[in-house]
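The following note is offered to a colleague at the bench who wishes to read this model residue by residue. The points are numbered for ease of reference.

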Amino acid sequence: HLYSIDRPPLALHSNDFVGVCIPEALKAGHTLIRGDARAKLPAVLSELGEVDMFVHDSDHSYRHMKFELGLARRHLRVPGVVISDDVDYNAAFSEFVSDEKPTASLVMVRGDTAGGCSGVGVFT
């Protein structure tokens, strides 16, 4: 099952893009929770108990990334995986890896004309 937390749509037709990559046959296994992750994520993870995978692709501020990664780690099944986007924005992810010492970690960097950086996988 895939749980997504996202703020209410900020632009016209924003809802048209929610779950767009989920095949029609799997959409019943997706739950969208509207709201701020700081308010919603603790309850979702508490209810689930353990998760196999956690993907961070929200507020990329240091404070918020530390919050999400730390909370996700406490609920991550072993073995499990944490994936985080834009890890070059601050030191939160590298500190997470340094503190948690996962079995393996990988940072994939793909520069583009906008200066973006692609994802990261951490396996524990």
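Which residue forms a salt bridge with Asp6, and how far apart are the closest N and O atoms? Point 2 takes this up, after a word on the basis of the note.

1. Basis. The model is predicted, so local features are reported only at pLDDT of at least 70 and side-chain atom pairs only at pLDDT 80 or more, while totals for chains, interfaces and linings use all residues. Residues are numbered from 1 along each chain as its sequence is written, and side-chain values use heavy atoms, with hydrogens and water left out.

2. The Arg34 pair. The partner of Asp6 is Arg34, and their closest N and O atoms are 4.0 Å apart. A salt bridge here is a side-chain nitrogen of Lys or Arg within 4 Å of a carboxyl oxygen of Asp or Glu. The pair links distant parts of the chain, with Arg34 in strand β2 and Asp6 in strand β1, 28 residues apart. Helices (H or I, at least four residues) and strands (E, at least two) are DSSP runs numbered from the N terminus. Arg34 is partly exposed because its relative accessible area is 27%, and Asp6 is partly exposed because its relative accessibility is 39%. The classes are buried under 20% relative accessible area, exposed over 50% and partly exposed in between, with a 1.4 Å probe and protein chains only.

3. Other salt bridges. The whole structure holds seven salt bridges. One of them joins Arg77 to Glu50, with the closest N and O atoms 3.3 Å apart. Arg77 lies in strand β4 and Glu50 in the loop between α1 and β3, so this salt bridge ties together parts that are 27 residues apart in sequence. Both ends are partly exposed: Arg77 has 31% relative accessibility and Glu50 has a relative accessible area of 44%. A further salt bridge joins Glu95 to Lys66, at 3.1 Å between the closest N and O atoms. Because Glu95 belongs to helix α3 and Lys66 to helix α2, the pair ties together parts 29 residues apart in sequence. Glu95 is partly exposed at 28% relative accessibility, and Lys66 is partly exposed with a relative accessible area of 28%. Through shared partners, salt bridges also join Glu50, Asp52 and Arg77 into one network.

4. Glu68. Which side chain of opposite charge is nearest to the buried Glu68? It is Arg38, 8.0 Å away, and Glu68 has no salt bridge. For this purpose Lys and Arg count as positive and Asp and Glu as negative, whereas His and the chain ends are not counted. Glu68 sits in helix α2 (residues 62–75). Its side chain makes polar contacts with the side chains of His56, at 2.6 Å, and Ser58, at 2.9 Å. A polar contact is a pair of N or O atoms within 3.5 Å; within protein, one must be able to donate a hydrogen and the other to accept it, and residues adjacent in sequence count only if both atoms are side-chain atoms. Neighbours within four places in sequence aside, Glu68 is in contact (heavy atoms within 4.5 Å) with Ala37, Leu41, Phe54, His56 and Ser58.

5. Val97. This residue belongs to helix α3 (residues 92–100). Val97 is buried because its relative accessibility is 17%. The C-alpha atoms of Val97 and Leu69 are separated by 9.9 Å, and the two residues stand 28 residues apart along the chain.

6. Backbone features. Where is the cis peptide bond that has omega of about 0 degrees? It joins Val78 and Pro79, and Pro79 lies in strand β4 (residues 76–84). Positive phi values occur in two residues that are not glycine: His13, near 70 degrees, and Asp86, about 55 degrees. His13 is placed in the loop between β1 and β2, and Asp86 in the loop between β4 and α3. Asp86 counts as buried because its relative accessibility is 10%.
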